[in-house]
Amino acid sequence: MRDFSYFRAASTEEASRAMLDAGAMLLAGGTTLLDLAKCGVSEPDTLVDITHLAGLGDIAVDANGATIGALAKMGEVADHPGVKAAFPAVAQSLSLAASAQLRNMATIGGNLLQRTRCSYFREPGVFPACNKRNPGSGCSAIGGVTRNHAVLGTSRACIAVNPGDLAVALVAFDAYVEMGRRRVAIEDLYMLPGETPDWETVLKNGEIITGIGIPASVAAKNSTYLKVRDRQSYEFAAASAAVGIEFEADGKTVRDIRVALGGVATKPWRARAVEQSLIGTVLDVEAVEKASRLSMEGAVSHGGNSYKIELAPRVVARAILTMGGLA
Amino acid sequence: MTIMETRKHGDAADGMVGGRFSRLDGKLKTTGGATYALEQPVKNLVHAVLVQSTIAAGRVVAVDAAKAKAAPGVLSVFTPEDDLGLLVASDWFGNRPDNQPFHPLPREVSFNGQAIAAVVAETLEQATEAAKLVKVSYEETQSVTGLDDPDAGEGRLVDMLSVGWGDAEAAYAAADIKIEAEYRTPREYHVPIEPHGLTVKWEGDFLTVWEPSQWTHGMARTYAEWFDIPYENVRIVSPFIGGGFGSKAMGYTYSAVAAAAARKLGRPVKLAVTRPQTFTAYGGRAATRQTIRIGATKDGVLQAIVHRGASETSVFADFPEQTGAATPLLYAVPNLSTQHRLVPVNTVTPGALRAPGKNPSAFGLESAIEELSYAIGMDPLELRLRNYADHDYQSGKPWSTRQLREALTVGAEVFGWSRRSHEPRSMRDGRQLVGWGIGCGTFPVLKAASEALIRILGDGSVEVVSGAIDMGQGTYTILAQTAAEVLGVPAEQVDVKLGDSSLPGATVAGGSMLAGAITGAVHKAATAARDELIGLALNDSNSPFRDTGANTLVIADGRISVPRGEGPSLTLAELMSAIGRDRIETQRNTLPEGANGPEDHKRSWTTMANVQGPTAGDLSMHSWCAHFVEVKVDEDFGTVRVSRVVSAFDCGRIYNPKLAESQWRGGIIMGIGQALLEEGLIDERFGRVINNNMGDYLVPTNADIPHIQVISVGIPDNDASVLGGKGVGEVGIVGVAPAIANAVFHATGKRVRDLPITLEKLI
Ligand SMILES: Cc1cc2nc3c(=O)[nH]c(=O)nc-3n(C[C@H](O)[C@H](O)[C@H](O)COP(=O)(O)OP(=O)(O)OC[C@H]3O[C@@H](n4cnc5c(N)ncnc54)[C@H](O)[C@@H]3O)c2cc1C
Ligand code: SF4
């Protein structure tokens, strides 16, 4: 690890200013940043510590929705009664993520900006080719061990999964991030890799996430997050689904449905085709299974990850059927 | 020699042998009071960081260390250019080529991740950063990356491992029912919670090494030979070990690098192998494949087993992961043939990982037996009992003790096996398919001599001193219990000193042989100390017992008295004071008379040349177990959860049920990892393990572990060891993976023959 300097910001503005220096990086919980610094992926010259900023850790839930400060801890949000009641999928996506120790340390802002777990990305001394780390150098993963790589949203340049769970739930319920006064829908926060996988979000230089907002909805209140993986806990998703459903007054017909997928795509993946095909219908097992397969439209296998194309629609279907009382 | 009464399992919480006495080192470890090798406070310390190769095969053409050397704090960079002046050391059996130079940082690269340079700097951070600046250029050659590489070939037959009797091929051909299948296990790793590394310090020609060690004496010999100094000049210190599982029983190349660097620089050196580096700094379990053919009659009587196995090894050394190790032992079969091949590939030389050989071997055989049970339509428990081996067919010798039938029947009873329906996919719980499976295991009794020193001190306390080690299995505790029982003092009054090669000699903590060996030595030394104390008490002119006319005395509950209680009764301290002694010291070993000279000692404590196998005498001696496992498999996702385990063990007499049960559970948990999660993922383009960290190499978490019920069905086996125990540590994992694979088949109707059973194999 190289030497770096440490700067404790007294205000968001001060932090933003400090971030304009090349080599400056924001430090929140540090669970991604320090990890990547040890791997030699992140080489900060200055760490700008924002964990002492006041007012960025609040969690508030009312009839309109939730607002959560960027410094709220994953564990706090997962356990927050208001979040659990109005946004079960959001709370579950957090409690099923990482480990208790990490959840007690990691922040919501940092969580949204966690980096991929692509093994090739994480070992720069061994795999110099990685377009995400080093634009134009190539992609070591393609042709290698791709069990945990994406099948959706990939490009010739990069097939790395966006591994976070929270963002999947947020994408399903039209949440947004706030950078001071600028507000961006979570779905638009993340960029597809295309030819520039090093460019992961639309955040501008020096911009700091101050919080997130999740509008209240019936679908969000009646929601679940289903995460499937080999190990029961402390593993990223092989495939996951955030699903919320609002039924018509008859209690059967779907008025609104939200479906998003994790563990399979280069960004948190909203499956609008699945939603569209089920809106206005009465759920039944066959129709749900058929609709769920639409989530894999455009999916591309890279060998070891082909099972995801089979698995993910089953996860989506189970989550929908669970919320529809059919599983 | 007195053999203590065997206590019934688990009926005593006291410190006597057989009692559920809690680990003496437990509190130190849980409170951070135990100092590990990399925490030794050594003054003037510098830090070494390894640079590992990034190609699988070829030559180091040049190492450009200029930038690294110029980096802040850097003292030296060692590369293949440097002759460190070392000699090749003996193998485990004490064989050693004469004066052959040893280059721990070689020019020839034989695997990806091989240490080829080391940077030494004032701080760990400086050394780490400078290590990144070392630029290595290679001349790459074609590599063979694993068993499946087309260039790997079928390997070289290891004649020593061929076992056979009868005419297996003919009997198989003639059998009514035949099954044939290939089973595979991947590279698996020890991943102990304490990573590897060492702190070394020279004082003139004397070397002290703080290094986690499963064998202080064996490793001291290695260092002495590397540096061509007398054995007595080396001291390996290893009081605590954060898990070894077979990986901490020898000095590795990085150990040599650290010690050589310390000598060259004239300063103590600490070298901490990083977690990713541990995946190639020493070997895990070799990948294996084996084909098993079983022939049987229609009513399930085995006629023939034909077994052909192979394991990978490195291109420069042989380590056979013997796939036929359990095959000849578990069942009665009139015709058998097993063979094992070694396939050299570009990997670090594999090593011993919990139950080497037996473990993959049992995966094959115990899967195949259940495949046969479905081919015949017979309950797999019944099939196993029908073919119960009443003696060892391989050696022709009777078993010393074999309570495997009891393990199977008691295990089945407790598990509720009779409620099973035989058809695959016939049991479910909502969307979860439920399956039950059995896997049997075995591990040989290995015997070795050891030595121990007992001190009775003036204050009546007792010291047990040995160079044996405790890596969590409980040596401290059972030795306190052993001495306490012989000397009639509470175990709390016994202080055990271990883990230092300058202390009395002990065999390796491996192959489940240490407990049997070292309790024997402690028992002998303690008995001698007791006899000496009683002798003094009866004869010393100042002893109050002198005139009692007694011809012996009893020691119990910390007091020494005349039998039947008429006469004086003193605490040990009072007696010691009366006879004016501040200590009684006895050192004993368990080597036979006539082979007990200094050379015999060195050979016994520092090599495995004198270790006796399970059939060295007139009997065949092994530990046995039967695992009963329930799994739930999600019918859509293919995720497997182990929901219940009942395992019954025959490990002879149990010295401390609490510790033995914990070892068994640990083995079972590792077996669950092996069955469902663990696999080194090799990128075949580079021959490199890419999941070389604990985020990606998955071992079970608490959430993956159900209630595990373990049962002891053993009886004392006094042929196996002085106190009647057989090995406990290794056998627990053997048979777990096949039990799970069998349960998965029962649940789903899908037979997974290559571990681990990850979800994509079931969807
Ligand atoms: C072993 C392991 C397992 C894990 N498993 C899971 C899992 O199953 N599911 C899951 O979702 N996650 C998982 N994680 C990821 C974990 O959730 C993230 O590491 C964590 O949420 C990051 O938060 P942090 O506060 O520690 O971020 P930091 O490490 O402090 O920051 C992460 C990044 O975000 C930037 N940043 C932080 N805060 C802000 C801000 N307010 N504005 C702008 N930029 C900011 C930092 O500069 C840095 O680049 C796992 C992590 C580990 C190490
Ligand atoms: S998949 Fe993306 S992150 Fe991984 S090696 Fe390729 S470019 Fe780098």
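In the predicted model, 17 residue pairs are in polar contact across the interface of chain A and chain B, with both residues of each pair at pLDDT 80 or more. Two elements of chain A, β9 (223-228) and α13 (307-323), each contribute at least two residues to the side of chain A that touches chain B. Of the elements, α13(A) provides the largest share of that side, namely 6 residues. By residue class, the side of chain A that touches chain B consists of 15 nonpolar, 8 polar and 11 charged residues.

The interface was also described by its contacts and its area. On the chain A side, 34 residues are in contact with chain B, where 32 residues take part. The size of an interface is often expressed as the accessible area that is lost when the parts come together. For chain A and chain B, the buried area is about 3000 Å². Carbon and sulfur atoms give 55% of this area.

Salt bridges between the two chains were counted separately from the polar contacts. The count between chain A and chain B is 4. In one salt bridge, the side chain of Arg318(A) meets that of Asp636(B), with an N to O distance of 2.8 Å.

The surroundings of ligand 1 were examined next. A total of 30 residues surround the ligand, and the closest are Leu26(A), Gly30(A), Thr32(A), Thr107(A) and Asp165(A). The shell around ligand 1 divides into 16 nonpolar, 10 polar and 4 charged residues.

Several side chains of chain A place polar atoms beside oxygen atoms of ligand 1. In Thr31(A), a side-chain N or O atom lies 2.7 Å from an oxygen atom of the ligand. For Lys227(A), the corresponding distance from a side-chain N or O atom to an oxygen atom of ligand 1 is 2.9 Å. Gln114(A) has a polar side-chain atom 3.2 Å from an oxygen atom of ligand 1. Ligand 1 taken alone exposes 980 Å², of which the protein buries 93%. Two elements of chain A, β2 (24-27) and α7 (108-112), give two or more residues to the shell around the ligand. With 3 residues, α7(A) gives the most to this shell.

Conventions
Residues numbered from 1 in each chain as written. Chains lettered and ligands numbered in written order. Predicted model: local features only at pLDDT ≥ 70, side-chain atom pairs only at ≥ 80, totals over all residues. Heavy atoms only, no water. Contact = heavy atoms within 4.5 Å. Buried area = accessible area lost by both parts, 1.4 Å probe. Polar contact = N/O pair within 3.5 Å; in protein donor to acceptor, adjacent residues only side chain to side chain. Helix = DSSP H or I, 4+ residues; strand = E, 2+ residues; numbered from the N terminus. Nonpolar A, V, L, I, M, F, W, Y, C, P; charged D, E, K, R; others polar. Near = heavy atom within 4 Å. Areas by Shrake-Rupley, 256 points an atom, 1.4 Å probe, with all protein chains shown as cover.
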